[in-house]
Amino acid sequence: ALYRERILGGVKFECSDPAMNDAFLCAKANVMMSVMDLRPNYPAPFLAAGFPIYTWLFGCDSLHSTPGLAAAGFDEAARGTLECLLHFAAEHKQGAHEVASNGRLLGWDHIQETPQLVSACWKHYQWTGDQSFVKAAYPVCREIIAHALATADQDHDGYLEGPGLMEQAGMGPERIDSVCQLYAAYESLAAMAEALGESGAEEFRRRAVELKQSFNRDWWNPVEKMWACSLRTDGSQTMDNFWAVVFPQQTGIAEPEK
């Protein structure tokens with residue numbers, strides 16, 4: 001009865017292509033089958049990244065998924081996943097990459113997952129209006145961004161350094177996904193502060209404006225008419241032909257003409 005209600009009921013999708021309608025129902029079924037309850041190793045039930053291989057908590061994958069999950073009516077599963085990621089972020093001061101089924105952190109060196117967590121938390125509030133969630137998330141989000149800026153921006157140019165979504169040899173330490181997610185995090189922190197009546201929104205918006213200006217100057221390649229995927233330590237660009245060049249548009253950091 002639960003599966004029938006959650007898969008065939010709730011949010012509907014209709015398309016002229018019957019295969020797309022079937023795919024939507026299959027996606028909802030996959031969500032239902034991916035819920036893991038591993039308490040007390042985790043603070044809440046969460047969504048595993050995928051069966052049969054990735055049956056534990058992932059950062060990047062989950063953070064891309066949770067807004068769509070909330071939109072499709074799985075706001076409880078989305079919230080539990082974010083609560084787990086916030087729990088481990090509070091412990092380690094940055095976003096987790098992978099967490100094993102026993103709660104042991106398997107990796108946390110992908111720096112883009114820290115600002116990406118902040119953005120995903122704000123998107124969850126936008127979809128659900130869950131005031132208690134954003135109230136609990138905001139202090140953690142503010143702390144992990146402060147920690148990232150203090151530890152992962154050694155040259156103080158405003159761009160986070162370290163591995164990101166793109167795992168390829170030869171890239172520079174500053175990755176396009178990290179800087180775009182940092183911009184989204186600044187905007188999200190400003191919006192959270194305003195929603196909660198907290199101070200600091202103006203400062204986060206100022207940082208977002210400054211980052212947008214420097215990004216459009218340093219990361220755009222006028223010859224290729226495309227964004228660089230990374231910057232080397234000397235500030236030179238690498239053009240690695242990754243799909244991650246969509247992030248400037250997705251996060252809103254790109255100037256309209258670019």
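This short presentation covers selected helices, aromatic pairs and one loop residue of the structure.

Good morning, colleagues. Please bear in mind that the structure is a predicted model.

I begin with helix α7. It has 21 residues, and at 1.5 Å a residue these should span 30 Å; the end C-alpha atoms are 30 Å apart, in agreement with that expectation. Most of α7 is covered, since 17 of its 21 residues are buried. Immediately after α7 comes Gly 197, whose phi is positive, at about 70°.

Helix α8 follows, covering residues 201-218. The same test can be applied here: 18 residues at 1.5 Å each should span 26 Å, and the end C-alpha atoms of α8 are indeed 26 Å apart. Which residues of α8 are buried? They are Ala 201, Phe 204, Ala 208, Leu 211, Ser 214, Phe 215 and Asn 216. In an α-helix there are 3.6 residues a turn, so residues three or four places apart point the same way. The elements that cover the buried residues of α8 include the helices α6 (131-151), α7 (176-196) and α9 (247-251), together with the strands β7 (220-221) and β8 (226-227).

Helix α6 also has a contact with α4, which comprises residues 75-92. The axes of α4 and α6 are 10 Å apart and meet at an angle of about 35°, and the crossing is left-handed. On the α4 side, the contact involves Arg 79, Leu 82, Glu 83, Leu 86, Ala 89 and Ala 90. On the α6 side, it involves Ser 132, Phe 133, Ala 137, Val 140, Cys 141 and Ile 144. By character, nine of the contact residues are nonpolar, one is polar and two are charged.

I turn now to the aromatic residues. Across the whole structure, 12 aromatic pairs are found. One of them joins Trp 243 and Phe 247 in a tilted arrangement, with 5.6 Å between the ring centres and 55° between the planes. Are these two partners buried or exposed? Trp 243 counts as exposed, because its relative accessibility is 54%, whereas Phe 247, at 2%, counts as buried. Elsewhere, ring pairs link Phe 215, which is among the buried residues of α8, with Tyr 159, Trp 219, Trp 220 and Trp 227 into a cluster.

Finally, I draw your attention to Lys 225, in the loop between β7 and β8. With a relative accessibility of 62%, Lys 225 counts as exposed. Its C-alpha atom is 7.9 Å from that of Lys 258, although the two residues are 33 apart in sequence.

Thank you for your attention.

Note on methods
Residues numbered from 1 in each chain as written. Predicted model: local features only at pLDDT ≥ 70, side-chain atom pairs only at ≥ 80, totals over all residues. Heavy atoms only, no water. Helix = DSSP H or I, 4+ residues; strand = E, 2+ residues; numbered from the N terminus. Expected span 1.5 Å × (residues − 1). Buried < 20%, exposed > 50% of the residue type's maximum accessible area, 1.4 Å probe, protein only. Contact = heavy atoms within 4.5 Å. Axes fitted to C-alpha atoms, helices over the stretch in contact; angles between N-to-C directions. Left-handed = near helix turned anticlockwise from the far one by under 90°. Nonpolar A, V, L, I, M, F, W, Y, C, P; charged D, E, K, R; others polar. Phe/Tyr/Trp six-rings, centres within 6.5 Å; stacked < 30°, edge-to-face > 60°.
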